[in-house]
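Please open the model in a viewer and keep the sequence panel visible. The tour proceeds by selections, each followed by a description of what is found there.

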Amino acid sequence: MTLHEMAREYRSNTALLELRLRQLQVAQRRARQKEVKYRLKQRIGCLRVLINESRKTAFVLEHYYQKGGMQNEDKRAV
């Protein structure tokens, strides 16, 4: 598997995580109990971290061989 193929996999997995994030946001808006809302908020926070890390990893994989080496690591991954 090449780095570009791996990046593509990360991008597709990111899309799945984003879908789940939207589902949890809808569930949070509809929830009536404070405890349920709180737990959904925690899960949403964890998903946001995973999404950001996945985007960053995909970006680094896509630009791994570009001139400048690790300079791209601090750039936005979106």
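Begin by selecting Thr-14: leaving aside neighbours within four places in sequence, Thr-14 is in contact with Ile-51, Ser-54 and Arg-55. Thr-14 lies in helix α1. Is Thr-14 buried or exposed? With a relative accessibility of 4%, Thr-14 counts as buried, because the cut-off for that class is under 20% relative accessible area. It should be noted at this point that the model is predicted.

Keep Thr-14 displayed and add Glu-53. The two residues are 39 positions apart in sequence, yet the C-alpha atoms of Thr-14 and Glu-53 lie 9.2 Å from each other.

Next, select Ser-54, which has its place in helix α2. Which residues does Ser-54 touch, when those up to four places away in sequence are not counted? They are Tyr-10 and Thr-14. Ser-54 has a relative accessible area of 8% and is therefore buried.

Now colour the two helices separately. The secondary structure of the protein chain comes to 2 helices and 0 strands. Helix α1 covers residues 3-30 and helix α2 covers residues 34-62. At what angle do α1 and α2 pack? The angle is about 160°, and the axes are 9 Å apart. That angle makes α1 roughly antiparallel to α2, because angles over 145 degrees are placed in that class. The crossing in which α1 passes α2 is left-handed. In the contact of α1 with α2, the residues divide into 16 nonpolar, 6 polar and 10 charged.

Proceed to the nonpolar residues. Select Leu-21, Leu-24, Ala-31, Leu-40, Ile-44, Leu-47 and Ile-51; these 7 residues form the largest nonpolar core. The elements that contribute two or more residues to this core are α1 and α2. Of these, α2 gives the most, with 4 residues. Ile-51, a member of this core, is also one of the contacts of Thr-14 seen at the start of the tour.

Within the core, centre the view on Leu-40. Residues up to four places away in sequence set aside, Leu-40 touches Leu-24, Ala-27, Gln-28 and Ala-31. Among these partners, Leu-24 and Ala-31 belong to the largest nonpolar core, as does Leu-40.

Then move to Val-60, in helix α2. How is Val-60 classed by relative accessible area? The value is 24%, so Val-60 is partly exposed. Add Leu-3 to the selection: Val-60 and Leu-3 are 57 residues apart in sequence, while their C-alpha atoms are separated by 9.3 Å in space.

Finally, clear the selections and view the whole protein chain. It has 78 residues, of which 21% count as buried. Taking the contacts between residues at least 6 apart in sequence, 52% join residues at least 24 apart. Two pairs visited on the tour may be displayed together as a last view: Thr-14 with Glu-53, 39 residues apart in sequence, and Val-60 with Leu-3, 57 residues apart.

Definitions and conventions: Residues numbered from 1 in each chain as written. Predicted model: local features only at pLDDT ≥ 70, side-chain atom pairs only at ≥ 80, totals over all residues. Heavy atoms only, no water. Axes fitted to C-alpha atoms, helices over the stretch in contact; angles between N-to-C directions. Parallel < 35°, antiparallel > 145°, perpendicular 65-115°, else oblique. Left-handed = near helix turned anticlockwise from the far one by under 90°. Nonpolar A, V, L, I, M, F, W, Y, C, P; charged D, E, K, R; others polar. Core = buried A, V, L, I, M, F, W, Y, C linked by side-chain atoms within 4.5 Å. Buried < 20%, exposed > 50% of the residue type's maximum accessible area, 1.4 Å probe, protein only. Contact = heavy atoms within 4.5 Å.
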